[in-house]
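Reader: Could you walk me through this one while I have it open on the screen? I would like to talk about charged pairs, cysteines and the sheet.

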Amino acid sequence: MGLTLGVVGATGAVGRIMVRLLEERHFPAERVRFFASPRSAGQKISFRGRDIEVEPLNPDSFRGIDLVVSSTPDDVAGEMLPHAVKAGAVVVDESAYFRMHEDVPLVVPEVNPGAIERHKGIIASPNCSTIQLVVALKPLHDVAKVRRVRVATYQAASGAGRRAAEELTAQTRALIEGREVTAREFAHQLAFNLIPQIGSPREEGFTSEEVKMARETKKIFEDPTIEVCATCVRVPVANAHSEVVFVETERAVTVEEARKLFSAAPGIRVVDDVAAGQYPMPLQVSGTDEVYVGRIRRDPCSPNGLVFWCVADNLRKGAATNAIQIAEILAAKLAPRSV
Ligand SMILES: NC(=O)c1ccc[n+]([C@@H]2O[C@H](COP(=O)([O-])OP(=O)(O)OC[C@H]3O[C@@H](n4cnc5c(N)ncnc54)[C@H](OP(=O)(O)O)[C@@H]3O)[C@@H](O)[C@H]2O)c1
């Protein structure tokens with residue numbers, strides 16, 4: 001008998017992409033069940049030519065399920081996913097709830113696939129802005145050891161969920177039509193604006209998103225000495241996050257060497273010809289599964305420093321693709337259980 005897969009949060013911004021990826025990548029599951037909040041119960045999701053009903057999630061939902069990919073708010077993950085583990089399933093979770101737990105591996109398959117082996121039922125997928133950063137840093141870290149990273153992010157509306165993405169569209173339309181703008185999902189109007197706060201305030205003036213980028217990077221590289229200083233900014237872009245990354249390595253890496261390393265690394269595409277107006281941009285990158293790198297330069301302010309620009313689809317490589325890649329590795333090893 002084949003595997004039974006549960007998709008939790010199947011109606012969300014990330015969940016919808018997960019469903020699409022399962023089809024596109026011919027995920028080896030015999031049965032797939034979709035779960036969301038009671039608000040979505042009974043909705044139909046088209047999958048492999050059939051309409052499958054969305055089930056309301058409850059603690060008993062996981063009986064007979066081998067593998068769960070989950071993408072819900074943190075509190076829902078914290079409350080519900082331990083029930084999945086108790087029922088014998090292995091879980092890949094998108095939320096931030098378990099990411100920093102000591103016994104939960106935090107995995108990006110291009111960077112630390114070996115950590116999957118250490119799971120005790122739950123594997124966490126990192127924050128979207130962390131995933132694209134560590135994929136880009138990995139080839140530099142392997143040869144020259146990353147010491148210090150300063151990163152500024154330009155994060156798309158879809159990173160805050162389906163309703164947030166809809167709010168940016170509604171605000172833009174309202175402004176163009178001369179109507180009043182309302183902000184519910186974001187603290188301020190995002191259309192025609194920038195918001196230099198993602199997440200809640202944390203120590204020393206940082207935000208929770210900025211703290212996540214620092215802590216998750218150290219955990220994924222298993223190196224607490226890497227210094228990370230992030231500034232995270234929400235921008236009025238529909239989808240795909242961008243980052244400018246200033247990196248310092250233990251030994252100097254030339255621009256030419258960096259370009260070669262990026263080009264050879266799994267999951268990275270280099271688009272880097274400023275004279276020809278060629279660099280990655282959210283519009284082109286949206287809908288793809290790679291991390292794009294361009295504008296690679298020597299940092300004149302630091303002897304061992306490089307600067308580059310990095311763009312990835314936050315809903316795909318920053319979330320759904322990363323989780324499905326982990327689930328594929330697990331599926332290849334999991335023996336299906338009888339119900
Ligand atoms: N968006 C990104 O770029 C991104 C990237 C990396 C990680 N993440 C993380 O992924 C998670 C989901 O993000 P998202 O952007 O997809 O959010 P979203 O669009 O708001 O979707 C949330 C999903 O969770 C479901 N849900 C909410 N409450 C529930 C409950 N009580 N029981 C069961 N299901 C419930 C929702 O179901 P209903 O439709 O029924 O409400 C929906 O399917 C978050 O933890 C987020 O931090 C997001």
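Author: We can take those topics in turn, and please keep in mind throughout that this is a predicted model.

Reader: How many salt bridges does the structure hold?

Author: The structure holds 22 salt bridges. One of them pairs Arg99 with Glu216, where the closest N and O atoms are 3.1 Å apart.

Reader: And where along the chain do those two sit?

Author: They come from distant parts of the chain, with their positions 117 residues apart: Arg99 belongs to the loop between strand E6 (90-93) and strand E7 (122-124), while Glu216 belongs to helix H5 (residues 208-221).

Reader: Okay, and is that pair buried or exposed?

Author: Arg99 is buried, and Glu216 is buried as well.

Reader: Which partner does Lys138 have, then?

Author: Lys138 forms a salt bridge with Asp142, and their closest N and O atoms lie 3.2 Å apart. Both residues are in helix H3 (residues 128-144), where a spacing of 4 residues amounts to about one turn of the helix.

Reader: Why does Lys138 count as partly exposed?

Author: Its relative accessibility is 22%, and because a residue is called buried only under 20% and exposed only over 50%, that value falls in between.

Reader: What about Glu209, which partner does that one have?

Author: Glu209 forms a salt bridge with Lys212, the closest N and O atoms being 3.9 Å apart. That distance still qualifies because the cut-off is 4 Å. The two residues both lie in helix H5, 3 residues apart, which is about one turn of the helix. Glu209 counts as buried, at 7% relative accessibility, whereas Lys212 is partly exposed, with a relative accessible area of 25%. Elsewhere, Arg148, Arg150, Glu227 and Glu248 are joined into one network by salt bridges that share partners.

Reader: Switching to cysteines: how many disulfides are there?

Author: The structure holds 0 disulfides.

Reader: Why is Cys128 not bonded to Cys232?

Author: The sulfur of Cys128 has its closest cysteine sulfur in Cys232, and the two are 9.1 Å apart, so they are too far for a bond. The cut-off that matters for this reasoning is 2.5 Å between the sulfur atoms. Cys128 is also buried, with a relative accessible area of 11%.

Reader: And Cys229, what is the nearest cysteine sulfur there?

Author: For Cys229 the nearest cysteine sulfur is that of Cys232, 9.9 Å away, and Cys229 is in no disulfide. Cys229 counts as partly exposed, at 36% relative accessibility.

Reader: Now the sheet, please: what is the strand order?

Author: The 7 strands form an open sheet in the order E3-E4-E2-E1-E5-E6-E7, and the pairing is mixed. Strand E3 (44-47) and E7 stand at the edges, and each has a single partner strand, so one side of each lacks a neighbour in the sheet. From one strand to the next, the twist averages 25°.

Reader: How many bridges join E3 to E4?

Author: There are 4 bridges between E3 and strand E4 (residues 50-56), and these two strands run antiparallel. Lys44, for example, has Glu53 in E4 as its bridge partner.

Reader: Last one: which strands do helix H2 and helix H8 lie across?

Author: Helix H2 (residues 74-86) lies across strand E5 (67-70), E6 and E7, and runs at about 155° to E6. Helix H8 (residues 316-333) lies across strand E1 (3-8), E5, E6 and E7, running at about 175° to E5.

Terms used: Residues are numbered from 1 along each chain as its sequence is written. This is a predicted model: local features need pLDDT of at least 70, side-chain atom pairs count only at pLDDT 80 or more; totals for chains, interfaces and linings use all residues. Side-chain values use heavy atoms; hydrogens and water are left out. A salt bridge is a side-chain nitrogen of Lys or Arg within 4 Å of a carboxyl oxygen of Asp or Glu. Buried means under 20% relative accessible area, exposed over 50%, partly exposed in between (1.4 Å probe, protein chains only). Two strands pair if DSSP finds at least two bridges between them. Axes are lines fitted to C-alpha atoms, for helices over the stretch in contact, and angles run from 0 to 180 degrees between N-to-C directions. Contact means heavy atoms within 4.5 Å.
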